[in-house]
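Q: I'm new to this structure and would like a close look at one part of it. Could you walk me through a helix and whatever packs around it?

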Amino acid sequence: MSVSRPARCLFSVPPPSIRLRCRNFHTSPKLSERRRPNHPSIKAVDMGLIRPQKKPARELFKPYTAEEKAALAKRYTPAQMEAVEAGERAITPEDLDSSGVIRTDFGGLPYLDDFSQYRSVLDKKPYEDKRIDPKARLMTEEEFQDAYVNWQLKIEKMQPEGLQRTDPNYKELMRPNRADIEFRAPYEVPISTGSKGPEPIPLSQFTPDLRGKTDELAKVKKKGDGEEAVDERDPMGVYDLLRKRTGLSLDQILSLKVKILVRHRVVNQTRLGKVASVYLLAIAGDGNGKLGLGQAKGQEAENTLRLARLAAIYNMKPIPRYEERTIYGDVEAKVSAVKVKLMARPPGFGLRCQHSIFEMARAAGIQDLAARVPGARNKMNTIKATYKALTNQRIPDDIARGRGKKLVDVRKVYYGGRV
């Protein structure tokens, strides 16, 4: 073995290379290089994004002071003041804090329920134990004038003796609970009469009101005794069966937006020859979240047009709308070889889609929408696919309920309703 070999191997070692730093392909630094900022983080409460913790109920709802009771005594009678004090004693501040405030979260109602309106979805229909007077009718002008005069005389008797309207201090001297006498007449003067004379104004909102039916009754023309009344707008009774099936009034039916989107000629080959017919596809909507699709085929164009319109109104279904202007996310549907994709868009975007989808969105009350129809674009199948996509939307409430989660509106909770 040569002695020079180890020396040759020793001197042949390459010099050490310079170690370079390996740079990342992204801008975020490594964990070792991350440092805490010198300034502290700002809390959401300090920025005003969320509300601070509420005060105790005893501090929020304080009892009436002596000065406040004295001011109320000038407005209300002693009996009314006793009722106010009894109500204050019956309701605790804790109950007002939990149930008496207006909620701002997603589960809060969009209105303050004072039980003056009846909502078929939330409220149960009350049972009215009252016999209907067969002789009930609206008052004539002479009867209403007499009732108004009698009401004024009744109010004058309730005022202090010797009080005149010409007195400059008339409003200060009159009864405190009658200070709004000029505005109470429409609520206290009767407008209908029956077998027992003038009927008082119903106190409940659920009682049928005859004032809203004056225009409807004026448009109805009676034929004679024993015959049904006929409306001049529908003398042939075209919408009679539709009104019985859907429960809609004639005013609601005539206010719907109905339009024919597809019209073409079809031929049926039989052993007797070719039988020509007309095919019509119509849509109907109220512009407030309802849309229907109806189709008809017949040999007479006028009769087929009427059947298509009636079918579209009868098949109206509710369309889910986000903020009452667009749809929930992106939805797709396929009918035969036609594929339709509908996409939600921000406010002010408009309806950027083809003509048939544009008419359907406008009839349903959708204002911001984009649509794509790749591939086949058969007009009839495009309308059916669009209707299928609109009715098969996945609502966030249903998704959260299926996952066992609670849905919260981030804009109201995190940003304090400022968005």
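Please take helix α14 (residues 355-364). How many of its residues are buried, which strands does α14 touch, and at what angle does it cross helix α15?

A: Sure, let's dig in. Keep in mind that this is a predicted model.

A little background helps to place the helix. The protein chain has 17 helices and 13 strands. Of its 419 residues, 22% are buried. If you take the contacts between residues at least 6 apart in sequence, 54% of them join residues at least 24 apart. The chain's accessible surface comes to about 32,500 Å², and carbon and sulfur atoms account for 53% of that.

Now for α14 itself. Seven of its 10 residues are buried, so the helix is largely enclosed by the rest of the structure. The buried ones are S356, I357, E359, M360, A361, A363 and A364. H355 also lies in α14, but this residue is partly exposed, with a relative accessible area of 45%. H355 gives you a nice example of sequence and space telling separate stories: L261 is 94 residues away along the chain, yet the two C-alpha atoms are 9.1 Å apart. Just after the helix comes G365, which has a positive phi, near 85 degrees.

So what is around α14? Let's start with a sheet. Four strands make an open sheet in the order β6-β7-β8-β9, and the pairing is antiparallel. β6 (257-270) and β9 are the edge strands; each has a single partner, so one side of each is left without a neighbour in the sheet.

You can go through this sheet pair by pair. β6 and β7 are joined by 13 bridges in the antiparallel sense, and within that pairing K257 sits opposite G285 of β7. α14 packs on this sheet, where it touches β6, β7 and β8, and its direction makes about 130 degrees with that of β6. Helix α13 (residues 301-314) also lies across β6, β7 and β8, running at about 150 degrees to β8.

Moving along, β7 (residues 273-285) and β8 (residues 290-298) run antiparallel and are joined by eight bridges. In this pairing, V278 is opposite G298 of β8. The two strands form a hairpin with four residues between them, and in the turn G287 has a positive phi of about 75 degrees. The next pairing is β8 with β9 (residues 317-318), which is antiparallel over two bridges. Here L291 is opposite K317 of β9.

Back to the helix for its other neighbour, α15 (residues 379-391): the axes of α14 and α15 come within 9 Å and cross at roughly 35 degrees. The crossing is right-handed. On the α14 side, the contact is made by S356, I357 and M360, while α15 brings T382, I383, T386 and Y387. Sorted by class, that gives four nonpolar residues, three polar ones and no charged ones. Notice that S356, I357 and M360 are also on the list of buried residues in α14. Helix geometry is handy here: an α-helix has 3.6 residues a turn, so residues three or four places apart point the same way.

Following α15 outward takes you to another sheet. This one is open too, with four strands in the order β10-β11-β13-β12 and mixed pairing. Its edges are β10 and β12 (351-352), each with a single partner strand, so one side of each has no neighbour in the sheet. α15 packs on this sheet and touches β10 and β11, with its direction at about 140 degrees to that of β10. As for β12, it pairs with β13 (residues 369-372) in the parallel sense over two bridges, with R352 opposite A370 of β13.

Before you leave this region, look at two loop residues. Most residues other than glycine have a negative phi. E324, in the loop between β9 and β10 (330-335), has a positive phi of about 60 degrees although it is not a glycine. E324 counts as exposed, at 53% relative accessibility. S336, in the loop between β10 and β11 (338-344), also has a positive phi of about 60 degrees without being a glycine. S336 is exposed as well, with a relative accessible area of 57%.

To put the picture together: α14 packs on the sheet through β6, β7 and β8, it crosses α15 at roughly 35 degrees, and α15 in turn touches β10 and β11.

Definitions and conventions
Residues numbered from 1 in each chain as written. Predicted model: local features only at pLDDT ≥ 70, side-chain atom pairs only at ≥ 80, totals over all residues. Heavy atoms only, no water. Pairing = 2+ DSSP bridges. Axes fitted to C-alpha atoms, helices over the stretch in contact; angles between N-to-C directions. Left-handed = near helix turned anticlockwise from the far one by under 90°. Contact = heavy atoms within 4.5 Å. Nonpolar A, V, L, I, M, F, W, Y, C, P; charged D, E, K, R; others polar. Buried < 20%, exposed > 50% of the residue type's maximum accessible area, 1.4 Å probe, protein only. Areas by Shrake-Rupley, 256 points an atom, 1.4 Å probe, with all protein chains shown as cover.
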